[in-house]
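I opened a notebook page for this model and went through it one topic at a time. The entries below follow the order in which I looked things up.

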Amino acid sequence: MIKKLMQLRNTIVALLGIEFVLVLLTYMFLQNRVTLALMIYILIKNVVCIIVLYYLHNMFSETTYSVKEALNNESKNALIFGGIGLIKYDENRNVVWVSDLLHELGIRIVGKKLLEWQPLLAILFEDEDVRTIDINSRKYEVYNSRNNRLLFLKDVTDLTTIEKEYNDQQLCVAYLTIDNYDDSIEYADEQKSVMIETTSRQMIFDWAKDNGIILKRYKEDGYLAVFNERIYRKQVEVRFCILDEFKQKMESIGAVMSLSMGIGRGSKVLRELDELAFSAISLSYSRGGDQVAVKTLDEEIRYFGGNSENSEKANRVRARVISQTLASIVKQSQNILIMGHKQSDLDSFGASLAVAKFAKAFEKDAYVIVDENSLEEKTGNIARRLMAEDLYKGKIISPAKAIDLIDEDTLLICVDNHKPALAISEELLDKAEKIVVIDHHRRGEDFVDSPILTYLEPAASSTVELVVELFEYQRVEIEVLPTEATVMYAGMLVDTNYFRNHVGSRTFQIASKLKEKQANVSRAYEFLQDDYKTTQEKMSISANAYRFGNDILIAYGNEEEIYTRPLLAKVGNELLNIAEIKAVFVAGRVDKDKIAISARSKAEVNVQLIMEKLGGGGHFSMAACQVEEKTVKETIDKLEEAIDQYLDERG
């Protein structure tokens, strides 16, 4: 740098000298006052410029010095002191020289192929300029100067260690709750109740102590835990085995109990961690419990566990509170809109009718929203039959009509669905100021924004079951016509696969109530009968079924055929009756560019977790998803990957 400045200074001085000589020669030839004045001016100007140039050069030389000039022969020592090694390679990527530092560290690779010594360096010759590698148990950051065929290696072991230690010490906050604790204690005798209490507590505290977790109990069945990222990663490695261990231990003493956990991480603000953890435990509970939900700031939610179907929790207190709260909200509303999900089935439609009867008991105008272009075939037949009757004219309406009716005093009740993307009309969700959600599916990440009341009960067999149960906690008489009771009964048949799956004592109690309201059971079964064409389609899909592993069946439709989602579900229900089969997945094209998968299982496989990996959701034993793949074959390949991943995670 200094040499270049010196050369520039000398060049400028020479040019100034030449300028003066030219003016002097001009004066000698012309010898007049003008040339004399010009010569004197240029002389003075050039002398001043030269003085300034020399002054600036000297001042700059005193303050500026290049690394090369400063180090001179000390370059080798500087590189050693800075922990930077050099490797020279030739055009064939053979090592031709290593610096003294690397030589002293025992790295003697001259003559070797560079990529044979460190295959990870290959990426430095493609896209990346910097790569971190391990050499003799130390970490080096490597930069490749391709033009000079020179690798620069910087020892970053200490920095990496400090960074890892810093990340390991970041805090996580968790809430733990014991599922079904109150019911287990309430219905146990004194001796067993003491055993349940001491065993559950001791097991949780032992787990915390063994893993270095700070744990405080803040209520009978609730705990607050604080731990660091290192402990969190350890729990992830063992897939939070405390869930299975706790459940098995409680089963051994005759108690049906499990653990739910919500973890907040990824923030340095304690309040944010607490909010993340509280949101996560709420999510875990709403998905049926027996699982861990992890909410990390700016990352997707992760789930662990959920390997058992949640047992029925007949919490009549909660149902009564929900019923009374819903009644209060209905009374304060001018009109009621009731909306199910796209491709509405009989549970969605039957629950909508049930909510309409609930609202009518309080003399409120209630409207059931249906989209005739998005109805399951049998549901569509029933809905159109009812719409033709005088009693229902103007009460079963289209989404467009509903939008005209909505105002600030309107209450929108969403049934059998909590995901905006699956709602009959997302525009209605956006416009409604008061929203209630009633659903029996496990909660997913996508949820209706800010409902004023949420009733999510994954243990219920159907949404019809949830709504009809609310009737008995009202003092007013809720009248249900025989036809309506029959539709509701058919909705329960659909979602329980004819009372075979996902049923509890409450399911049969509600079915009995509907029978008391003159539900025609034979007629309900007739609603669900398939015609000849549908039966043929089911048989063609079943014919393509094959075993995946020992106890899973995968069936698929023909590539060019378009099927309905209910048809895929029916095939899954029927194939699940095969002995030794624990789970069934049925894939088929439901639109030109959409392929759906319907999943059904018995008690040992959580198909909801598998469907969530493909962007879907549902229940432990009943779930589905929709993907936009080019071919059914591609979809099945992804399905098989998701199943393998689930089985690996479950262990």
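Before the first entry I fixed what counts as a helix: a DSSP run of H or I with at least four residues, while a strand is a run of E with at least two. I also note that the model is predicted.

**Entry 1: the annotated N-terminal spans**

I looked up the UniProt record, an unreviewed entry, which places the feature "transmembrane region" at residues 12–30 and 36–56. I then checked the secondary structure there. Residues 12–30 are 100% helix and 0% strand, with the end C-alpha atoms 27 Å apart. Residues 36–56 are also 100% helix and 0% strand, and there the end C-alpha atoms lie 30 Å apart.

**Entry 2: aromatic pairs**

How many aromatic pairs does the whole structure hold? My search gave 13. I wrote down Phe240 and Phe304, a tilted pair with 5.1 Å between centres and 50° between planes. This pair links distant parts of the chain, the two residues being 64 residues apart. Phe240 sits in the loop between helix 10 (229–237) and helix 11 (242–252), and Phe304 is in strand 11 (residues 302–305). Both Phe240 and Phe304 are buried.

I next noted Phe358 and Phe362, which are tilted as well, at 5.6 Å centre to centre and 55° between the planes. Are these two buried or exposed? The cut-off for buried is under 20% relative accessible area. Phe358 has 2%, so I list Phe358 as buried. Phe362 has 13%, so Phe362 goes down as buried too.

Ring pairs also join Tyr175, Tyr218 and Phe278 into a cluster.

**Entry 3: arginines over rings**

I looked for charges over aromatic faces and recorded two cases. Arg93 lies over the face of Phe125, 4.0 Å from the ring centre. Arg443 lies over the face of Phe447, 3.9 Å from the ring centre.

**Entry 4: nonpolar cores**

Which residues touch the most other members of the largest nonpolar core? That core has 59 residues, and I listed Leu326, Phe349, Phe358, Ile413 and Leu514. Helix 14 (residues 346–360) gives the most to this core, with nine residues. I followed Ile413 outward. Leaving aside residues up to four places away in sequence, Ile413 touches Leu326, Ile336, Leu337, Ile338, Met339, Val355, Val436 and Ile438.

Apart from this core I found another, of 33 residues. Ile178, Leu215, Tyr223 and Tyr232 are among them.

**Entry 5: strand 8 and its partners**

I took strand 8 (residues 222–228) next. Five of its seven residues are buried, so I call strand 8 mostly covered. Strand 6 (residues 171–179) pairs with strand 8 in the antiparallel sense over seven bridges. Within that pairing I picked out Tyr175, whose bridge partner in strand 8 is Leu224.

Strand 7 (residues 214–219) also runs antiparallel to strand 8, and five bridges join the two. Here Leu215 has Ala225 of strand 8 as its bridge partner. The connection from strand 7 to strand 8 is a hairpin through two residues.

**Entry 6: the C-terminal sheet**

I looked up an open sheet of six strands, with the order 18-19-20-21-23-22 and mixed pairing. Why do strand 18 (546–548) and strand 22 (617–618) each have one side without a neighbour in the sheet? They stand at the edges and each has a single partner strand, so one side of each is left free of a neighbour in the sheet.

Strand 18 joins strand 19 (residues 552–556) through three bridges, and the two run antiparallel. Tyr546 has Ile554 of strand 19 as its bridge partner.

**Entry 7: a distance check, and the record again**

I used Ile554 as one end of a distance check, with Ser252 as the other. Ser252 is in helix 11, and Ser252 is exposed, with a relative accessible area of 53%. Ser252 and Ile554 are 302 residues apart in sequence and 35 Å apart in space, C-alpha to C-alpha.

Last, I went back to the UniProt record, where the unreviewed entry places "domain: DHHA1" at residues 560–647. I logged residues 560–647 as 38% helix and 28% strand, with end C-alpha atoms 31 Å apart.

Terms used: Residues numbered from 1 in each chain as written. Predicted model: local features only at pLDDT ≥ 70, side-chain atom pairs only at ≥ 80, totals over all residues. Heavy atoms only, no water. UniProt positions renumbered as here; feature names shortened; annotations may be inferred. Phe/Tyr/Trp six-rings, centres within 6.5 Å; stacked < 30°, edge-to-face > 60°. Buried < 20%, exposed > 50% of the residue type's maximum accessible area, 1.4 Å probe, protein only. Lys NZ or Arg CZ within 6 Å of the ring centre and 35° of its normal. Core = buried A, V, L, I, M, F, W, Y, C linked by side-chain atoms within 4.5 Å. Contact = heavy atoms within 4.5 Å. Pairing = 2+ DSSP bridges.
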